[in-house]
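User: I would like a close look at one part of this protein, set in the context of the whole chain. Please keep it plain.

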Amino acid sequence: MDTPIKLTKDILLELAEVEDMASLSAEAMRDFFREEIPKLPHLPSSKVVHDPRNQLPIFYSPGRQNRPFIAKEDRSCPICEGNLTGIIDLCHLSGEEYAFINKNLYPISVPQGIAHEKNNNWGLHFLLWPSNIHERRFENMEINIAHKVLSRVILLEKILLNSSLLDKGYFAFIRNEGQSVGGSVYHDHFQMLYSNQEPLSFREDRNFYEKHGVGPTQILHEEISTELIVLSQGEWQLVVPPYIKRPYELMIYTPNRSNVHLNSLSETSVRDLTFLLQKSFQLQTSLFKHLGKDKAYNLICHNSGYGSIYFELFPMVQPLGGFERLGLYLSQGDPIEGAELYRQLLFS
Ligand SMILES: [Zn+2]
């Protein structure tokens, strides 16, 4: 590494409340969050409002608009400067490199009030930093290292979904990259939220499963044409679904019905998923370069427990118009053309 590592092992150890979360109970994890609440600059509203038309949960957090945006070229990265909340998992990768999980400084939920109350915003909002090294990104890590990083998210999902913190808790795993889609810090990271609120996409997957007895991607798998497949790896497929709402949307899915959560996956399956996640992020770099635009995309994970797990990736290439708000979508890109371009970019 050309530049010295700012966020050294010693600093990380000082911030670590515990080194390996495998030794931590979900209750102890919740208590670490509670201890942090008085130190947070902004708290979200404790109330959740549900849109009566579709039960969409809406959180309110005016303080999040004060989050600083830290671009790649900014010299003072707050993460590298060690301006972090307490670390609840520190994972040695190799040499001087570590991945770590801490609490979000601008959480959308905190563990306060009655956990089981539907209108109470109760949750644990985590950040996963794949590397303490500023320039390192998940997509360019050696596969073994990236696999190790993803395994920490899987362990966190397992601990929380098997806990009794909530009657019914939901584990959301997302990534925002780019300022226009909510990414605020260049230093590579993912977000995880354990919440008492069912995300609308989980509800849709559940409704689909209750109606059809399988998840949406199992039906997609039976019907998808080869021209929509970008890349296959083991039991996983990277595809452009035939029903994209925006150009270049991607889906990563496995038709294996026993894979309903991240922690249901075998080690081989996690490795194959890691590979396709890396490829799909690399493809975003190539895509936005090809389009001559700033990279911006969101990744979401459908691990609702209803039907097999899948991911969706949404590049920000077309704004939302009035017809779309009404529920009539017009995508300025065709699915087959999108898949063709991705296949070209893979080998360019
Ligand atoms: Zn940094």
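Which elements do the buried residues of helix 5 pack against?

Analyst: In this predicted model, the buried residues of helix 5 pack against helix 4 (200-212), strand 10 (250-253) and strand 12 (310-315). Helix 5 covers residues 216-223, and its buried residues are Pro216, Thr217 and Gln218.

To place helix 5, start with the division of the chain. The protein chain is split into domain 1 (9-198) and domain 2 (202-346). The C-alpha centres of the two domains are 23 Å apart. Contact between them involves 24 residues of domain 1 and 22 residues of domain 2. On the side of domain 1 that touches domain 2, helix 3 (143-161) and strand 6 (170-177) each supply at least two residues. Helix 3 gives the most to that side, with 10 residues. Sorted by class, the side of domain 1 that touches domain 2 has 12 nonpolar, six polar and six charged residues.

Ala146 is one residue of helix 3. Ala146 counts as buried because it has 23 C-beta neighbours inside 10 Å, where 20 or more are required. Leaving out residues up to four places away in sequence, Ala146 touches Phe138, Met141, Thr274 and Gln278. Pro130 is 16 residues from Ala146 in sequence, and their C-alpha atoms are 7.8 Å apart.

Next, the strands that helix 5 packs against. Strand 10 and strand 12 belong to an open sheet of 10 strands in the order 3-4-5-7-6-11-12-10-9-8, with antiparallel pairing. Strand 3 and strand 8 (229-233) are the edge strands, each pairing on one side only. From one strand to the next, the twist averages 15°.

Strand 10 pairs with strand 9 (residues 236-239) in the antiparallel sense, over three bridges. Within that pair, Val239 has Met251 of strand 10 as its bridge partner. Another part of the sheet is covered by helix 2 (residues 26-36), which touches strand 3, strand 4 and strand 5. The direction of helix 2 makes about 95° with that of strand 5.

Ile252 deserves a separate mention. Not counting residues up to four places away in sequence, Ile252 touches Trp236, Leu238, Leu276, Leu277, Ser280, Tyr310 and Phe311. Ile252 is also named, with Ile101 and Met192, among the residues with the most contacts inside the largest nonpolar core, which has 73 residues. This core lies between domain 1 and domain 2, because both give residues to it.

Ile101 leads to the other end of the strand order. Asp89 has Ile101 of strand 4 as its bridge partner. Strand 4 (residues 97-103) is mostly covered, with six of its seven residues buried. Strand 3 (residues 87-94) and strand 4 run antiparallel and are joined by six bridges. Leu90 is bridged to Phe100 of strand 4. The hairpin of strand 3 and strand 4 has two residues between the strands, and Gly95 takes a positive phi near 55° there.

Strand 4 also pairs with strand 5 (residues 123-129), in the antiparallel sense and over four bridges. Here Asn102 has Leu127 of strand 5 as its bridge partner.

The loop between strand 4 and strand 5 holds Pro111. Pro111 is buried, because 23 other C-beta atoms lie within 10 Å. Setting aside neighbours within four places in sequence, Pro111 is in contact with Arg30, Phe33, Arg34, Trp122 and Leu124. Val49 is 62 residues from Pro111 along the chain, and their C-alpha atoms are separated by 17 Å.

Back at helix 5, the picture is this. Its buried residues, Pro216, Thr217 and Gln218, pack against helix 4 and against strand 10 and strand 12, and both of these strands are part of the open sheet of 10 strands.

Conventions. Residues are numbered from 1 along each chain as its sequence is written. This is a predicted model: local features need pLDDT of at least 70, side-chain atom pairs count only at pLDDT 80 or more; totals for chains, interfaces and linings use all residues. Domain bounds come from an automatic or database domain assignment. Two residues are in contact if their C-beta atoms, placed from the backbone, lie within 7 Å. Ala, Val, Leu, Ile, Met, Phe, Trp, Tyr, Cys and Pro count as nonpolar, Asp, Glu, Lys and Arg as charged, and the others, Gly among them, as polar. A nonpolar core is a set of buried Ala, Val, Leu, Ile, Met, Phe, Trp, Tyr and Cys residues joined through C-beta atoms within 7 Å. A residue is buried if 20 or more other C-beta atoms lie within 10 Å of its own, exposed if 12 or fewer, and partly exposed in between; C-beta atoms are placed from the backbone. Two strands pair if DSSP finds at least two bridges between them. Axes are lines fitted to C-alpha atoms, for helices over the stretch in contact, and angles run from 0 to 180 degrees between N-to-C directions.
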